[in-house]
Amino acid sequence: MRRGTNLPWVGDYNQAVVLDGIRRHPGTSRTELAGASGLTQQTVSNIVRRLLERGLVQEGAGPAPVRAAVRVAGKPRTALSVRPGAVVAAGLQLDREHLDAVLLDLRGGLLGSGREPLPDPQAPVELVVAHAAGLVRRLLEEAELRGLQPQAVRGLGVAVPGPIDFTGPVRSSAINLPGWRGVAIADLLAQSLGLPVLVENDATAGAVGDLWRSARTGRSFLHVHVGAGIGGGIVLRDEVVRGRSGNAGEIGHVVVDPRGPVCPCGSRGCLEAVAAPAAVVRRYVERVGLPAARRAGLRLAERSVIEDHDLLAVRAAGEDAHAADVLEQAAADIARVVLGVVNVLDVGEVVLAGSGLRSGAQRVLAAVERHLAVAMTREVHRVAVRVSDAGEQAGAHGAAAAVLHESLSATWTTVHHPVREVVISPVAPVH
């Protein structure tokens, strides 16, 4: 777990360290927390007392972690764990075809989830926001019927494709969502739901969610999100990398073919323009012709891109050599960019997620593994590649986790430099 400090002026940080330690390791004791955090036994005891008083943790619950058999004199250890439902966040993911929403508690438990088709892409933004707010509201109402206390809800996290303007009212400039340039998404949802709203790039949200669900510390990884576009979320030694404007990780706009098609960003031959689901479908149509593509079952509509991409994966598994070829080429393009990022950042893991991988994740995984065989650090450490356990809802899970992460897991960096004070709408902290 993170290390604390016994200096009195960083008590809020220490409280976050202790709470995060209990969250990651249910069943841990005060003595074990003190040993892992570097805090004194008295400091840990005082923090745990405050957390108990506030109903955030509980005693005598949760599985005891596996430890070496060390017997300590004195009274028996008391296991600590996060109290179920004490802190809850909602997460919402906006993609080209669907709205996904989830409710997570501090333990990472899923309290509810829902998916609905996105209204017509040409519909006014206000209608889409009202639809999204209604989905979140229904999840909250259902959870309240099961006993959720409204005051436990810390806020709503929203995952949208980048770039995002965080300099004032948080605005989406998503180039993959028609009509969403300059939309003050945080304010619109906050007004509709009456909750604090945090907006996050969908790939970064996925990275936060993967970090939040892990009991391991010191992780460095790249989260690759393939949806309507392609993005990356970066974590280095448990710190989420957001960059100067909060838009770090835009791997979809790394140029892989200078003579390739024009990308919506204005450049030419970006990874997104040659390997995103829409690009793969377009390349297949160019190979076989429009009539043959329609006979193959492709709908070729703006809202059917992911479904058409899935169909190509099915055809590739059969005898459609053209489908197999365009999918393999896209996987290789993604893998080449991932290799470059791995060489630059020296991460130890690559996590794949997003609706664009629901039928072809293993193909991309295999391509990434092949390319990483020549990573610069291959003789120092292996780079693990896996598919996210959050599946298509990785962005929604990550958006909810981002609310919990921002409000409950302070880091040494944010104690000294609150780098996201203009990046997110205020989320009520617990420390």
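In the predicted model, Val350 of strand β13 lies opposite Val385 in β14, and Val351 likewise stands opposite Arg386 of β14. These positions belong to the pairing of β13, which spans residues 349-353, with β14, a pairing that runs in the parallel sense over four bridges. Strands of a sheet pair through backbone hydrogen bonds, in either a parallel or an antiparallel manner. The two strands are joined to helix α12 in a β-α-β unit, in which β13, α12 and β14 together have the right-handed sense.

The wider context of this pair is an open sheet of five strands, arranged in the order β12-β11-β10-β13-β14 and with mixed pairing. Strands β12 (239-241) and β14 (384-387) occupy the edges and have a single partner strand each, so that one side of each remains without a neighbour in the sheet. Direction ignored, neighbouring strands of this sheet are turned against each other by 20° on average.

Two helices that pack on the sheet may be described in turn. Helix α11, comprising residues 321-345, packs on the sheet through contacts with β10 (221-226), β11 (230-236) and β13, and the direction of this helix makes about 155° with that of β10. Helix α12, comprising residues 361-372, also packs on the sheet, where it touches β13 and β14, and the direction of α12 makes about 175° with that of β14.

Side chains of opposite charge can pair when their charged atoms come close. In the model the count comes to 23 salt bridges. One network of such bridges links Asp210, Arg213, Arg216, Arg219, Glu349, Arg386 and Asp389; among its members, Arg386 is the residue of β14 that stands opposite Val351, and Glu349 falls within the residue range 349-353 of strand β13.

Glu392 takes part in a salt bridge with Arg115, for which the closest N and O atoms are 3.0 Å apart. This pair links distant parts of the chain, since Arg115 lies in strand β5 (residues 110-117) and Glu392 in the loop between β14 and α13 (394-408), 277 residues apart. Arg115 is partly exposed because its relative accessibility is 35%, and Glu392 is likewise assigned as partly exposed, with a value of 24%. A salt bridge is also formed between Glu392 and Arg358, again with the closest N and O atoms 3.0 Å apart. Here too distant parts of the chain are linked, with Arg358 in the loop between β13 and α12, Glu392 in the loop between β14 and α13, and the two positions 34 residues apart in numbering. Arg358 is partly exposed, at 31% relative accessibility.

A further salt bridge is found within a helix, where Arg24 pairs with Asp20 and the closest N and O atoms are 2.9 Å apart. Because Arg24 and Asp20 are four residues apart in helix α1 (residues 11-24), about one helical turn separates them. Arg24 has a relative accessible area of 11% and is therefore buried, and Asp20, at 8% relative accessibility, is also counted as buried, the cut-off for this class being under 20%.

Note on methods: Residues are numbered from 1 along each chain as its sequence is written. This is a predicted model: local features need pLDDT of at least 70, side-chain atom pairs count only at pLDDT 80 or more; totals for chains, interfaces and linings use all residues. Side-chain values use heavy atoms; hydrogens and water are left out. Two strands pair if DSSP finds at least two bridges between them. Axes are lines fitted to C-alpha atoms, for helices over the stretch in contact, and angles run from 0 to 180 degrees between N-to-C directions. Contact means heavy atoms within 4.5 Å. A salt bridge is a side-chain nitrogen of Lys or Arg within 4 Å of a carboxyl oxygen of Asp or Glu. Buried means under 20% relative accessible area, exposed over 50%, partly exposed in between (1.4 Å probe, protein chains only). A crossover is right-handed if, with the strands pointing away from the viewer, the path from the first strand over the helix to the second runs clockwise.
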